[in-house]
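I opened the file to look up a few things and write them down in order. The entries below follow that order.

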Amino acid sequence: MSQDNQKPKPVTIIVNARPHTWEAKDITYEQAVELAYPGQQPNDQDTYTVRYSRGHNGHGTGSLTASHSVRVKKEMVFDVYRTSRS
C-alpha cells in the first residue's frame with residue numbers, strides 16, 4: 001500500500017490556545033473556524049481571520065482564507081479571530 005492511501009497519524013494541533021486531535025493531512029479555513037467557535041453558524045455580521053504558525057517547510061506561518069487549506073503538522077498553532085460588524 002502506498003503512503004498516500006494510508007490514513008494520516010493523528011496529531012495534536014492548537015486552536016486558540018486549546019489542543020485538538022486532528023486526523024487529516026490538511027485543515028481548511030472552515031474547519032479551523034469550527035474548532036475555534038464550535039456550533040456557531042457563520043453570518044453576514046461576522047468575519048473570521050485564521051492565522052497559523054509552526055507549519056511545514058516554507059509555510060511556517062501564514063493565513064487561511066475561505067475555501068483554502070494548509071498541510072497540518074504536529075503542534076501547529078492556529079489563531080482564529082472573529083470580528084463582528086456593528
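**Salt bridge**

I looked for salt bridges first, and the count came to one. The model is a predicted one. The pair is Asp26 and Arg71, with the closest N and O atoms 3.0 Å apart. I then checked where the two partners sit: Asp26 belongs to strand E3 (residues 26–28) and Arg71 to strand E6 (residues 69–71), so the pair ties together parts that are 45 residues apart in sequence. For exposure, I noted that Asp26 is partly exposed, with a relative accessible area of 32%. Arg71 is also partly exposed, at 45%.

**Asp46**

I next looked up Asp46, which is placed in strand E4 (residues 46–53). Which side chain of opposite charge is nearest to Asp46, and how far away is it? It is Arg82, 4.5 Å away. A salt bridge needs a side-chain nitrogen of Lys or Arg within 4 Å of a carboxyl oxygen, so a distance of 4.5 Å does not qualify. I therefore recorded Asp46 as buried and without a salt bridge. Its side chain does have a polar contact with the side chain of Ser84, at 2.6 Å.

**Overall layout**

I went back to the fold as a whole. The protein has one helix and seven strands. In sequence order I read the pattern as β-β-β-α-β-β-β-β. The C-alpha trace spans about 50 × 25 × 25 Å along its principal axes. Of the 86 residues, 28% are buried.

**Largest pocket**

I looked up the largest pocket and noted a volume of about 190 Å³. Which residues line the largest pocket? I listed Pro8, Lys9, Val11, Ala24, Lys25, His56, Arg71, Val72, Lys73 and Lys74. By class, the lining divides into four nonpolar residues, one polar and five charged. Arg71, one of the lining residues, is also the partner of Asp26 in the salt bridge.

**Lys73 and Lys74**

I followed two of the lining residues, Lys73 and Lys74, a little further. Lys73 is in the loop between E6 and E7. Its relative accessible area is 33%, and I entered Lys73 as partly exposed. From Lys73 to Gly60 I noted 9.8 Å between C-alpha atoms, with the two residues 13 apart in sequence.

Lys74 is in the loop between E6 and strand E7 (77–84). Is Lys74 buried or exposed? At 58% relative accessibility, Lys74 counts as exposed, the cut-off being over 50%. The C-alpha atoms of Lys74 and Arg54 are 8.6 Å apart, and the residues are separated by 20 positions in sequence.

**Thr61 and Ala36**

I then took Thr61, in the loop between E4 and strand E5 (62–64). Thr61 counts as exposed, at 61% relative accessibility. Between Thr61 and Lys74 I noted a C-alpha distance of 14 Å, for residues 13 apart in sequence.

The other distance I took from Thr61 was to Ala36: their C-alpha atoms are separated by 18 Å, and the residues are 25 apart along the chain. Ala36 is part of helix H1 (residues 29–36). With 7% relative accessibility, Ala36 counts as buried, whereas Thr61 counts as exposed.

**Positive phi**

My last check was on backbone angles. What is phi of Asn16? I noted a value near 50 degrees, which is positive in a residue other than glycine. Asn16 is found in the loop between strand E1 (11–15) and strand E2 (18–22). Its relative accessible area is 23%, and I entered Asn16 as partly exposed.

Ser67 is another such entry, with phi near 70 degrees, again a positive value in a residue other than glycine. Ser67 is located in the loop between E5 and E6. I recorded Ser67 as exposed, with a relative accessible area of 65%.

How values were computed: Residues are numbered from 1 along each chain as its sequence is written. This is a predicted model: local features need pLDDT of at least 70, side-chain atom pairs count only at pLDDT 80 or more; totals for chains, interfaces and linings use all residues. Side-chain values use heavy atoms; hydrogens and water are left out. On a 1 Å grid over the protein atoms alone, a cavity is a set of points where a 1.4 Å probe fits but cannot get out, and a pocket is an open set with protein on both sides within 12 Å along at least five of seven lines; lining residues have an atom within 4 Å of a point. Grid points are joined across faces, edges and corners, and a volume is the space filled by probe spheres set on the points. Ala, Val, Leu, Ile, Met, Phe, Trp, Tyr, Cys and Pro count as nonpolar, Asp, Glu, Lys and Arg as charged, and the others, Gly among them, as polar. Helices (H or I, at least four residues) and strands (E, at least two) are DSSP runs, numbered from the N terminus. Buried means under 20% relative accessible area, exposed over 50%, partly exposed in between (1.4 Å probe, protein chains only). Lys and Arg count as positive and Asp and Glu as negative; His and the chain ends are not counted. A polar contact is a pair of N or O atoms within 3.5 Å; within protein, one must be able to donate a hydrogen and the other to accept it, and residues adjacent in sequence count only if both atoms are side-chain atoms.
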